[in-house]
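The following note sets out points on the model shown below, arranged by topic for a colleague's consideration.

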Amino acid sequence: MNFSGIYSFNPYIPLAALVISWMAVVSIYFLWRKAKRRKVQSEYRFKELFASNVIGYMISEASGTIIDANDYYLALLGVKREELLQGISWKQFTPPEYLAVSEKAAADIRTKGTADPFEKEYLLRDGRRIWVLVGATIADHYTVSYILDISARKKAERELEVAKSRLETNVNERTRELLDANRELSRLIRESEVAAEKFKATHQFLDSVIENIPNMIFVKDAQELRFVRLNRAGEKLLGHSRLDLLGKNDYDFFPTAQADFFTSKDRQVLAAGMVIDIPEEPLSTEDGTRLLHTKKIPILDKAGQPLYLLGISEDITEKKAAEAQLLELAQAQAARSAAERTNERLRFLSEASAALNASLDIRSLLNSFGSVIVKQMADWCIIDFYEEDDQSVDRIVAVGAQGHVPQEVKDWWQGKEVDFEAAEGLGFVLRTG
């Protein structure tokens, strides 16, 4: 048996093993170099990002003590880099109401290695507060946090909330000042060329206001005075749908005389560029003639040229009818009151005439006359005869209601001298008649 093949020596086997070992060493070396290069590049990129002023970075211990931070973060807090050596903590700048959410984020970092971004406020040393967005992760047993100043965004959000609240207030006030609403509508139309998006956002609200106002609102173009807008109240008043009316003018629907009147007022408004108030104008409808109180307002462009004419009409037919009824009632009441006063005067004159003819005795005659006066127009009546020669007074009549004349009235001026030079009083009466 030949065993030479089993024990023969192959010189290539050791050489192959050597080559494979060498190649393995070389591969490991290059992998090590590549990993090291990646680590260096990663550290370099982190340092570049850390040194940037785009976002704030801060490295802190579990206790909250800041051990390093970039310039953006220090400037945000108004802290000098030397102060980091004194052992400051981010908790010093966190208001009490935000400590809970901040501590929760710190707990998440310890358990999960990272924390979801959250918003909070920083309380600066000068008392100001700034809004920031905070995110954090863990690296080498330290917490690495990024901080972004979002104060501008928060301010915009507050302004948006204020604008929203103001809009809701305007909705609640409805049409308290109709002319103000029209001016607002004019302003929005003028600004539509440079703020189309803003107008679009409020378009739905304005449509709702116009559609639900109980008065007729219409808009015409300034060139041919054709209708371009009409609300539901206008459809109901005119008896035409807006689809039938839009694109047409007054001559397509109203008698010529009325159309001439409407058109002349429209042209007057557009030429003057001012609001006019038409207290009363007739309008022919399928339900008969209605009376309208109309205000017409020009809608101008930025150069002051008319674009549209806005009209607001209130149906005052029932109001005018009620006013006419009230006027008729007032006139009737006035006539009745005048008749009653005339009857009273006639009755007084009749009774006074009868009293004056009842006797030839002056005292009896004047006493009867005084009784008529007390009955018709006074509480009491005194008639005195004054003798100018000796300035004596002779009381002829002193009668009162139910036969009573107050004592102070009886003693009115007895015992007093008459001042004939006085500008008023008994002396003036006696002097001038």
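**A threonine in helix H10, and further points**

1. Thr 263 is buried, at a relative accessible area of 18%; buried denotes under 20% relative accessible area, exposed over 50%, and partly exposed in between, with a 1.4 Å probe and protein chains only. Thr 263 belongs to helix H10, residues 256–272; helices (H or I, at least four residues) and strands (E, at least two) are DSSP runs numbered from the N terminus. Apart from its neighbours within four places in sequence, Thr 263 is in contact with Leu 225, Asp 250 and Tyr 251, where contact means heavy atoms within 4.5 Å.

2. On provenance, this is a predicted model, in which local features need pLDDT of at least 70 and side-chain atom pairs count only at pLDDT 80 or more, whereas totals for chains, interfaces and linings use all residues. Residues are numbered from 1 along each chain as its sequence is written, and side-chain values use heavy atoms, with hydrogens and water left out.

3. The protein has 14 helices and 12 strands. Of its 433 residues, 31% are buried. The accessible surface is about 28,900 Å², and 56% of that surface belongs to carbon and sulfur atoms; these areas come from the Shrake-Rupley method with a 1.4 Å probe, and for residues only the protein chains shown count as cover. Among contacts between residues at least 6 apart in sequence, 40% join residues at least 24 apart.

4. Leu 225, one of the contacts of Thr 263, merits a check of its backbone. Its phi is near 55°, a positive value in a residue other than glycine. Most residues other than glycine have a negative phi. Leu 225 is placed in the loop between strand E6 (216–221) and strand E7 (227–230), and with 4% relative accessibility it counts as buried.

5. Five aromatic pairs are present in the structure; rings of Phe, Tyr and Trp (its six-membered ring) pair if their centres lie within 6.5 Å, with planes under 30 degrees apart counted as stacked, over 60 as edge-to-face and the rest as tilted. One of them joins Phe 254 and Phe 262 edge-to-face, at 5.5 Å centre to centre and 85° between the planes. Phe 261 and Phe 262 also form an edge-to-face pair, with 6.1 Å between centres and 65° between planes. Phe 254, Phe 261 and Phe 262 thus make up one aromatic cluster. Within it, Phe 254 is buried at 10% relative accessibility and Phe 262 is buried at 6%, whereas Phe 261 counts as partly exposed at 31%.

6. Which residues touch the most other members of the largest nonpolar core? They are Met 58, Ile 66, Tyr 73, Leu 77, Tyr 122, Val 132 and Ile 147, in a core of 24 residues; a nonpolar core is a set of buried Ala, Val, Leu, Ile, Met, Phe, Trp, Tyr and Cys residues joined through side-chain atoms within 4.5 Å. Strand E2 (66–69), helix H3 (71–77), helix H4 (99–112), strand E3 (114–123) and strand E4 (129–139) each contribute at least two residues to this core. H3 gives the most, with five residues. A second, separate core of 19 residues includes Met 216, Leu 237, Phe 253 and Leu 309.

7. Val 132 may be examined individually. Beyond its neighbours within four places in sequence, its contacts include Leu 76, Phe 118, Tyr 122, Ile 147 and Ile 150. Polar or charged partners of Val 132 should be inspected too, among them Glu 119, Lys 120 and Asp 149.

8. Lys 154 lies over the face of Trp 131, 4.3 Å from the ring centre; the criterion is NZ of Lys or CZ of Arg within 6 Å of the ring centre and within 35 degrees of the ring normal. Trp 131 and Ala 152 are 21 residues apart in sequence and 8.5 Å apart in space, C-alpha to C-alpha. Ala 152 is in helix H5, residues 151–173, and is exposed, with a relative accessible area of 63%.

9. Ile 217, in strand E6, is buried at a relative accessible area of 5%. Its C-alpha atom is separated by 7.5 Å from that of Ala 233, 16 residues away along the chain. Leaving aside neighbours within four places in sequence, the contacts of Ile 217 include Ile 210, Leu 230, Leu 310 and Ile 312.
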